[in-house]
2 protein chains.
Amino acid sequence: MEGNSDVDEAVEILQQMGLKEYEARCFVALTRLSEATAKRISEVSDVPRTRVYDAIRVLETKGLVEVQHTNPKLFRSIPVEEAVGNLLDTFESRGSRLSDTLHGLESVSPDDSPEVCHEVWALSGDRAISNRSYQLIDDAEEELALVARSEVFEDGELVARLGSALDRGVDVTVGTLDGSPDGLRETLSGADVFSSGVGWIASSSDAEDSTEIRRVMLFDRETILVSSDHATDSDASEETAVFGHGFNNGLVAVLRRMLLSRIPDG
Amino acid sequence: MEGNSDVDEAVEILQQMGLKEYEARCFVALTRLSEATAKRISEVSDVPRTRVYDAIRVLETKGLVEVQHTNPKLFRSIPVEEAVGNLLDTFESRGSRLSDTLHGLESVSPDDSPEVCHEVWALSGDRAISNRSYQLIDDAEEELALVARSEVFEDGELVARLGSALDRGVDVTVGTLDGSPDGLRETLSGADVFSSGVGWIASSSDAEDSTEIRRVMLFDRETILVSSDHATDSDASEETAVFGHGFNNGLVAVLRRMLLSRIPDG
DNA sequence: ATATTCTGTAACTCAGTTAATCACAGCATC
DNA sequence: GATGCTGTGATTAACTGAGTTACAGAATAT
């Protein structure tokens with residue numbers, strides 16, 4: 001009825017979580033009503049009354065509502081935390097089932113194997129990029145440089161892995177792109193810590209680009225990872241990264257020079 | 001190509017988790033290949049080669065694959081655990097965002113409030129039913145009876161809540177529908193524990209029904225919950241429950257008599 | 001009792017999405 | 001330069017979901 005933005009947001013999230021529009025709208029309406037008839041749900045959710053029944057039936061099988069089979073039927077919402085928990089639960093169980101089945105097959109002959117000596121890979125998503133960087137940190141043998149926006153260092157796992165690299169005897173150099181790196185000096189004793197001037201690395205060329213550098217990492221002078229926040233169409237920004245490997249890779253060479261030239265020599 | 005059932009299962013799960021068919025098939029193929037070109041992925045996944053590119057692009061934004069932008073393009077899979085973790089991650093963040101938004105609205109006038117003194121509600125799903133039973137156990141004030149298949153008692157939380165009900169001074173009576181209840185006697189000292197003969201409660205009427213009673217619970221002689229496993233079309237069986245409340249509710253009355261008549265008097 | 005409103009089911013239409021195919025412009029290799 | 005392959009875009013067909021209508025049974029009012 002009235003264009004409530006919070007309702008719309010909830011509906012959208014529910015759709016992203018696998019519900020149809022009617023199902024999502026009915027669920028949100030019922031959550032606000034606690035208990036209601038199909039007619040009332042239709043009024044609040046703006047879903048055609050005759051389709052409320054189908055939608056609720058699906059919601060019931062997902063453990064999101066309760067149904068009283070009287071005439072007229074009554075529908076009752078389930079406490080929010082509980083309902084969301086149910087959704088998460090089924091999703092997680094799917095996740096583990098998926099892990100199992102995927103492990104059960106793996107490996108088919110790669111058939112064509114074009115040897116690549118200069119690799120440049122793209123990947124996206126905060127978590128995927130973090131994971132890749134963890135792996136690269138773990139694989140580093142000699143030296144490792146990391147210049148990033150300060151919030152990157154709020155990731156405890158990242159810091160921990162940097163610490164273990166230090167313990168392995170890897171030369172670790174870290175720097176921030178914005179704030180002061182004082183906190184790091186404590187947590188990463190043994191590492192070179194510096195505060196980078198913002199200027200040299202920011203994409204100063206085109207400002208309306210809406211792309212902001214987030215991390216620049218260099219591993220053993222032969223592997224590099226550069227990530228940036230790119231504004232997406234809808235709401236938040238997404239992190240995308242380019243990750244290059246190979247000594248004679250042009251990208252690696254250029255960025256290596258950029259990075260090393262501004263890092264105080266160890 | 002060959003109709004591998006494990007592959008199909010993985011594809012189906014991935015689709016349930018929000019991927020399109022092509023995306024799911026490409027992901028599974030790439031997981032088996034580790035690294036491949038579009039052509040090879042097309043061969044293995046049976047997805048039209050020209051559509052592999054779109055599919056992979058989506059997969060990349062979800063943090064499920066890496067892309068090397070060369071010619072020909074190379075696609076590389078991300079370790080299974082990592083990829084599944086990425087999926088779960090985005091889902092969980094959606095879940096918490098959903099919780100927040102939903103809490104931010106709640107409550108609209110129920111408008112019509114048909115007072116019901118004999119309620120019978122239906123709900124389904126293992127977790128939803130468990131949660132409801134937890135709540136009912138917590139709300140029980142005087143007595144509580146629970147007859148269920150033995151695996152139900154493997155739920156630690158259920159047992160814990162039964163224990164706390166006991167501590168509150170609630171008369172607790174538990175029984176199993178199948179196995180021996182010896183383990184329960186230890187964990188629930190203070191409760192009446194008995195092993196029910198299967199006969200009296202099984203739906204002996206029509207055997208081809210494929211419905212099996214799972215739990216029968218009675219709370220304060222006025223609320224009852226009966227759940228059963230109903231075979232679904234596809235794979236596993238789903239648990240559905242009827243949950244009745246109200247002293248003069250017919251269902252409650254009948255089942256209460258059935259249940260109490262077979263429970264040794266406390 | 002009869003009329004009238006309401007409830008729940010089922011069918012249908014229309015629109016948007018997705019699967020599947022085709023045409024074509026770079027690259028590559030021969 | 002010819003041929004085969006790669007990646008993009010457009011196009012069609014099949015399907016799914018949103019929105020509507022018809023209708024039989026139930027409940028309520030008169």
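With which residue of chain B does A:Asp89 form a salt bridge? The partner is B:Arg127, and the closest N and O atoms of the pair are 2.9 Å apart. A salt bridge is here a side-chain nitrogen of Lys or Arg within 4 Å of a carboxyl oxygen of Asp or Glu.

The model is a predicted one, in which local features need pLDDT of at least 70 and side-chain atom pairs count only at pLDDT 80 or more, whereas totals for chains, interfaces and linings use all residues. Residues are numbered from 1 along each chain as its sequence is written, chains are lettered from A and ligands numbered from 1 in the order in which they are written, and side-chain values use heavy atoms, with hydrogens and water left out.

The interface between the protein chains can be described further. Between chain B and chain A the count is 6 salt bridges. There are also 12 residue pairs in polar contact across this interface, both residues being at pLDDT 80 or more; a polar contact is a pair of N or O atoms within 3.5 Å, where within protein one must be able to donate a hydrogen and the other to accept it, and residues adjacent in sequence count only if both atoms are side-chain atoms. On the side of chain B that touches chain A, helix α5 (residues 80–103) of chain B supplies the largest share, 19 residues; helices are DSSP runs of H or I with at least four residues, numbered from the N terminus. That side has 31 nonpolar, 20 polar and 22 charged residues, where Ala, Val, Leu, Ile, Met, Phe, Trp, Tyr, Cys and Pro count as nonpolar, Asp, Glu, Lys and Arg as charged, and the others, Gly among them, as polar. The two chains bury about 7000 Å² between them, 58% of it on carbon and sulfur atoms; buried area is the accessible area (1.4 Å probe) lost on putting two parts together, summed over both.

The symmetry of the pair comes next. Chain B is superposed on chain A by a rotation of 180 degrees with 0.1 Å of shift along its axis, at an RMSD of 0.2 Å, using least squares on the C-alpha atoms of residues with pLDDT of at least 70 in both copies. The two copies are therefore related as by a two-fold rotation axis. In chain B, the C-alpha of B:Gly18 is nearest the axis, 3.2 Å from it. Both copies use the same surface, since 100% of the contact residues of chain B recur in chain A, contact meaning heavy atoms within 4.5 Å.

Around DNA strand C there are 15 residues, of which A:Tyr53, A:Lys73, B:Lys20, B:Glu21 and B:Tyr22 come nearest; a residue is near a strand if one of its heavy atoms lies within 4 Å of it. Phosphate oxygens of this strand lie 2.6 Å from a polar side-chain atom of A:Tyr53 and 2.9 Å from an N or O atom in the side chain of B:Tyr22. A:Arg49 instead places a side-chain N or O atom 3.0 Å from a base nitrogen of strand C. With 4 residues, α4(A) gives the most to this surface.

DNA strand D has 18 residues around it, and A:Lys20, A:Glu21, A:Tyr22, B:Tyr53 and B:Lys73 come nearest. A polar side-chain atom of B:Tyr53 is 2.5 Å from a phosphate oxygen of strand D, and a polar backbone atom of A:Glu21 is 2.7 Å from a phosphate oxygen of the strand. Here α4(B) gives the most to the surface, with 5 residues.

How values were computed. Helix = DSSP H or I, 4+ residues; strand = E, 2+ residues; numbered from the N terminus.
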